[in-house]
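The following exercises concern a predicted model. Each task is followed by a solution in steps.

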Amino acid sequence: MRRIYRYPLLLITLFSLSIHHTQATTPIQNPNTIVQDIIGTKGMVSSQHYLASQEGLKILKKGGNAIDAAVCMGFVLAVTLPRAGNIGGGGFMLIHIASENRTIAIDYREIAPQKSSKDMFLNKYGQSDDIKSRYSIFSSGIPGTVYGLTEALNQYGTLSLKEILKPAIHYAKKGFVITPELAHSLQKAHPRLSKHKATSAIFYPSNKDFYAPGDKLVQKDLAWSLQQLARHGRKAFYDGPITERILDYSQKNNGLFNKTDFKSYKSVTRKPVVGTYKDFTVVTMPPPSSGGIVLIQLLNIAEQFPLKKWGYPSAKTMHVMIEAMKLGYADRAHFLGDPDFVNMPTSVLISKNYARQRRLQIDLSKAESVNTIHHGKIPKSQYDTTSTIVKPNKESSETTHFSVIDKDGNCVSNTYTLNFSYGNGQVVPGTGILLNNEMDDFSSKPGHANAYGLIGSTANAISGHKRMLSSMTPTIVFKDNHPFLITGSPGGSRIITTVYQMIIQIIDFDRTISEATYAPRFHHQWKPDRIYLERGQSKDTMRLLQEKGHSIVISRAYGGTQSILIKNKVLYGASDPRKPDSLTVGY
Ligand code: DON
C-alpha cells in the first residue's frame, strides 16, 4: 500500500475503483492473505501505467474485446511510459480467441537492417564494441510494434485504428501528469538522453533541469506520428511520412536503414510453444524468443521433484529450480535463434523425455559448477524443420508487459520493449519516436555477453533481416481448456525465471496472484555462475544455498509482472509493486 500514498492521482483512482470492487466482490476476497488482489468478474486489464489500464478498461466496458483494449494500451504506453512502451521497438503478443479455443502468437520483433553483417559490432582487434551495439545508430533494429499492434487489431479486434488511437493521441498532444516514477526515471537517464538534441527537447524542460512530479509532459511530435497512423494506417510508418523522417535521420548519421527494410517489414503470426505443468497447459512464446522454450524446460524439470513437500522458498526447492535454470540457459545459448534463419530442436527441448535426461545432472546435495554444465547433445536429425508460421484466418492487411481478459474469455498477454530504458536514447527528429537498441540482443561474437550477460552462438549471429533472440515470455496458462493465468514481465534475461516463479508459486503453492507477484525473486542464467537474489530471502535459506556451493549476489529489485489469475470464473489481478505507476483494474 506504501506506493499508493505516494501518488495522489493513483490514490483517487484506486479508491473509486475499490469502492466498485468492494461492493461487487467482498465475499470472494481471500481473508487469509496479507495482500489483497484486485478482483473482477467480467473483464480485467493489468499494465505498467495507470492511464493505459484505465483506457483499456474503458474499451472493455464499452464492448470492445481484449484485443481492442490491448492494442489501445500498447499505443497509450508508447506515450505515458516512454522508457519501455513504444512504437520504435518490438515485441510479442499472445492472443487467445475463446470462441475458437485457439491461441496464436504475433511476433513483431525488430529485424536487423538488410545491410547488417555478422561482424558489424567488432572493432579492428576483433573485440565486441558494446558502445556501438547499445548506443549508436547501428544499435536499432527495424521497429515492429506498429505492424504487430495493427495486425492484432486487423485480425482479431473489432474497433477501428482511428478509434483505438484516440487516447494515445490525446495524451501525446495535451500531455499527461508526470508521476514521481517518471520524473525520477528521466533524471536517472539524463546523462544518456541529453546527448541527443531531439530527445532532450522532449524530456527536459528548457527553463529548468528536470520535470517535477505534477508537471505535464506534452509530446507534440509523437502526436503527429500517431495522427499519421490514424490517418494512413501502418503504411504511414513503413512506407509513408514517418518512414521518410526515420530514413532521413539514419542517412544523416550514416546509419544502415533503407526503404526496403521498412517496406518489407512484416510481423509473423506463429504457433505458440505448448507444454504442460501438472494438470495445466502452458502456452507461451516461440522463437525468436527463447522465453517459451526455456520456461517449458524449467517447468518440465521442476515437475520431477516434490516441491510442494519441500515448501517455498525453501533452500531445497530453490536449489532444484536454480539447477534447472543453469541447464535451460546453457541450451538457450547454444541452440536458439530466429526460426526463419536457423533450425532448432524445439520439440526435443520441450519434451518430458529430454527433461528426464537433463534432470540426471541435478545433484540434490550440491550446486553443479557451470563449467561442467553444457548444452544437451541433440543430433541435427532431430531438429525441427517445419515452419512455425501460421496463416491468419482472413487476409488484410526498459520492456513492459500487459495482460487483458474480456467478458468472453478472450485474452492477450503482451510484452514489448525498446530494450534499454528509452532504447538507444535517440528520438528521430520530428517524430517523437525513440529508437530501440535491440541489435545488442544478437550475439555479436560467440561467447561475448550482451547487456544482460547472455552469451550466444552462431544460431543468434547477426544477419540482414534476421530477428535477434529475445527472452520475452508472454504466457497464458490454461486449466481444463480455460484461461487460468495470464502473465509476463520485463527484466531482460531474468524475464523467463520471473515467469517460472510465478507459475510454480501459483500452481504448487496455491499462492494468490499478489503473493506470487510480491515475493522476492531469484535468478541464475548458467553464466556467470551466480544466483541473483532480490532482498528479502532469509539468511538461513541463503546459508543453506551457500553450503551447497551456490554463489549469491544480492540484486536490485527486478521484473514487473502484470498478471491476471482466473479461478471459478472470478478474475484476480495484481500489478508489480516494483513498478509504482502500474495498475490492475477489473469490472
Ligand atoms: O528481448 C529481450 O529479451 C530484451 N531486449 C528485453 C529487455 C528488457 O526486458 C529490459 N527491461 N527490463
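**Exercise 1. Describe the salt bridge between Asp331 and Arg358, and state whether its partners are buried or exposed.**

Solution. Begin with accessibility: both Asp331 and Arg358 are buried. Next, consider the contact itself, in which the two side chains form a salt bridge with an N to O distance of 3.3 Å. Finally, place the partners along the chain. Asp331 belongs to helix 16 (residues 315-335) and Arg358 to helix 18 (residues 352-359), so that the pair, 27 residues apart, links distant parts of the chain.

**Exercise 2. Determine which parts of the chain are tied together by Glu398 and Lys579, and classify the accessibility of each residue.**

Solution. The side chains of Glu398 and Lys579 meet in a salt bridge of 3.6 Å, N to O. Glu398 is located in the loop between helix 18 and strand 10 (400-405), while Lys579 is located in the loop between strand 20 (570-575) and strand 21 (583-586); the pair therefore ties together parts that are 181 residues apart in sequence. For the classification, buried means under 20% relative accessible area and exposed means over 50%. Glu398 has 26% relative accessibility and therefore counts as partly exposed. Lys579, at 7%, counts as buried. As a last step, extend the view beyond the pair: salt bridges with shared partners join Arg83, Glu181, Glu398 and Lys579 into one network.

**Exercise 3. State how many salt bridges the structure holds, and characterise the one between Asp441 and Arg109.**

Solution. The structure holds 31 salt bridges. In one of them, the side chains of Asp441 and Arg109 meet at 2.8 Å, N to O. Asp441 and Arg109 are both buried.

**Exercise 4. Check the span of helix 3 against expectation, and decide how far the helix is enclosed.**

Solution. Helix 3 comprises 12 residues (50-61), which at 1.5 Å a residue should span 16 Å. The expected value is obtained from one less than the number of residues. The end C-alpha atoms of helix 3 lie 16 Å apart, in agreement with that expectation. For the second part, nine of the 12 residues are buried, and helix 3 is therefore largely enclosed by the rest of the structure. The buried residues of helix 3 are Tyr50, Leu51, Ala52, Ser53, Glu55, Gly56, Leu57, Ile59 and Leu60. Just after helix 3, Gly63 adopts a positive phi of about 105°.

**Exercise 5. Give the strand order of the open sheet of seven strands, and locate a helix that lies across strand 8.**

Solution. The order is 1-20-19-15-14-9-8, and the pairing is antiparallel. Strand 1 (38-40) and strand 8 (273-277) are the edge strands, each pairing on one side only. From one strand to the next, the twist averages 25°. Within the sheet, strand 15 (residues 482-487) and strand 19 (residues 562-567) run antiparallel and are joined by two bridges. Leu485 has Leu565 of strand 19 as its bridge partner. The helix sought is helix 14 (residues 291-302), which lies across strand 8, strand 9 (280-284) and strand 14 (475-479) and runs at about 20° to strand 8.

**Exercise 6. Assess how compact the chain is.**

Solution. The chain has 21 helices and 21 strands. Its radius of gyration is 22 Å, close to the 25 Å that the globule rule gives for 587 residues; the chain is therefore as compact as a globular protein of that length. Along the principal axes, the C-alpha atoms fill a box of roughly 65 × 60 × 50 Å. Of the 587 residues, 64% count as buried.

Key
Residues are numbered from 1 along each chain as its sequence is written. This is a predicted model: local features need pLDDT of at least 70, side-chain atom pairs count only at pLDDT 80 or more; totals for chains, interfaces and linings use all residues. Side-chain values use heavy atoms; hydrogens and water are left out. Two strands pair if DSSP finds at least two bridges between them. Helices (H or I, at least four residues) and strands (E, at least two) are DSSP runs, numbered from the N terminus. Axes are lines fitted to C-alpha atoms, for helices over the stretch in contact, and angles run from 0 to 180 degrees between N-to-C directions. Contact means heavy atoms within 4.5 Å. Buried means under 20% relative accessible area, exposed over 50%, partly exposed in between (1.4 Å probe, protein chains only). A salt bridge is a side-chain nitrogen of Lys or Arg within 4 Å of a carboxyl oxygen of Asp or Glu. The radius of gyration is taken over C-alpha atoms; the globule rule is 2.2 Å times the number of residues to the power 0.38.
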